[in-house]
Amino acid sequence: MNEQHDTGGSPPAAGPAHLGQPVANLRPVGTHFDQPSYTENFYSAVGGHPTFQKLVDVFYEAVADDELLRPMYPEEDLGPAKERLRMFLEQYWGGPKTYGETRGHPRLRMRHMPFEVTPQARDRWLLHMRHAVESLQLSPLHESTLWDYLERAAHSMVNSA
Ligand code: HEM
């Protein structure tokens, strides 16, 4: 496992969070800059729960129809898997910590080991996720922040050639 790229770890390298202050308590300073701020809690800045719900709704709709990805999901009902991904992403971006409370430490690479995540599966995952992210119509800064993370995370999840 590559701990440095453990996607369940810390928030992205952006802004004063790395100076040791909790992201959640920071608010934008001044409102005269007409663009989103890195220092606001990302979860709230992009619209909170409904945004993440929509992201996973759109994503899993595509997974349900994907002949490569769909068989990888052990449960017949994709609902619980969708909820786990939503809870994880909400927590990662500064929202409720329900994921940790119900599932414990993410250890995402380890949790994906039972599944053959090939480069092809990753690309399918990313294709559907790209569409889901675009459906949110976020500001360019928020979109690229979210996308950079998801792309990096997906690449680190590959565990089979
Ligand atoms: C690269 C392609 C990927 C594939 C093919 C894949 C596939 C899967 C599968 C088959 C499961 C089991 C479904 C279940 O929860 O029961 C799962 C779980 C999960 N995946 Fe992925 N995944 C990928 C990438 C990612 C990425 C990039 C993230 C996060 C950014 C992620 C987050 C999760 C989470 C949070 C769970 C539930 C873990 C748990 O609590 O048990 N996955 N994934």
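Trp93 is a buried residue, with just 4% relative accessible area. Keep in mind that this is a predicted model. Trp93 belongs to a ring cluster that also takes in Phe42, Phe88, Tyr92, Tyr99 and Tyr149. Beyond the rings, there's an iron-bearing ligand held by His112 and a set of nine salt bridges.

**Aromatic rings**

- A pair of rings is described by how far apart the centres are and by the angle between the planes.
- Tyr92 and Trp93 make an edge-to-face pair, with 5.0 Å between the centres and 80° between the planes.
- Tyr92 is buried too, at 9% relative accessible area.
- The count of aromatic pairs comes to ten.
- Trp147 has a charged neighbour: Arg130 sits over the face of its ring, 4.8 Å from the ring centre.

**Around the ligand**

- The iron atom has a single protein donor, NE2 of His112, at 2.0 Å.
- You'll find His112 in helix α5, which covers residues 108-112.
- The ligand is surrounded by 20 residues, and the closest are Arg84, Tyr99, Arg103, His112 and Trp125.
- Tyr99 plays two parts here, as one of those closest residues and as a member of the ring cluster.
- Two arginines reach ligand oxygens: a polar side-chain atom of Arg84 lies 2.8 Å from one oxygen atom, and a polar side-chain atom of Arg103 lies 2.6 Å from an oxygen atom.
- Trp125 goes for nitrogen instead, with a polar side-chain atom 3.4 Å from a nitrogen atom of the ligand.

**Salt bridges**

- Side chains with opposite charges can pair up when their charged atoms come close.
- Asp57 and Lys82 are one such pair, at 2.7 Å from N to O.
- That bridge links distant parts of the chain, 25 residues apart: Asp57 is in helix α2 (residues 49-64) and Lys82 in helix α3 (residues 79-92).
- Both ends are partly exposed, with Asp57 at 28% relative accessible area and Lys82 at 22%.
- Asp66 and Arg124 meet in another bridge, at 3.0 Å from N to O.
- Asp66 is in the loop between α2 and α3 while Arg124 is in helix α6 (residues 119-135), so this bridge ties together parts 58 residues apart in sequence.
- Asp66 counts as buried because its relative accessibility is 3%, under the 20% cut-off.
- Arg122 and Asp123 also form a salt bridge, at 3.0 Å from N to O.
- Arg122 is buried at 16% relative accessibility, whereas Asp123 is partly exposed at 42%.
- Shared partners join Asp66, Glu67 and Arg124 into one salt-bridge network.

Key
Residues are numbered from 1 along each chain as its sequence is written. This is a predicted model: local features need pLDDT of at least 70, side-chain atom pairs count only at pLDDT 80 or more; totals for chains, interfaces and linings use all residues. Side-chain values use heavy atoms; hydrogens and water are left out. Donors are N, O and S atoms within 2.8 Å of the metal (3.2 Å for Na, K and Ca); water is not among the atoms, so sites may look incomplete. Helices (H or I, at least four residues) and strands (E, at least two) are DSSP runs, numbered from the N terminus. Rings of Phe, Tyr and Trp (its six-membered ring) pair if their centres lie within 6.5 Å; planes under 30 degrees apart count as stacked, over 60 as edge-to-face and the rest as tilted. Buried means under 20% relative accessible area, exposed over 50%, partly exposed in between (1.4 Å probe, protein chains only). A charge sits over a ring if NZ of Lys or CZ of Arg is within 6 Å of the ring centre and within 35 degrees of the ring normal. A residue is near a molecule or strand if one of its heavy atoms lies within 4 Å of it. A polar contact is a pair of N or O atoms within 3.5 Å; within protein, one must be able to donate a hydrogen and the other to accept it, and residues adjacent in sequence count only if both atoms are side-chain atoms. A salt bridge is a side-chain nitrogen of Lys or Arg within 4 Å of a carboxyl oxygen of Asp or Glu.
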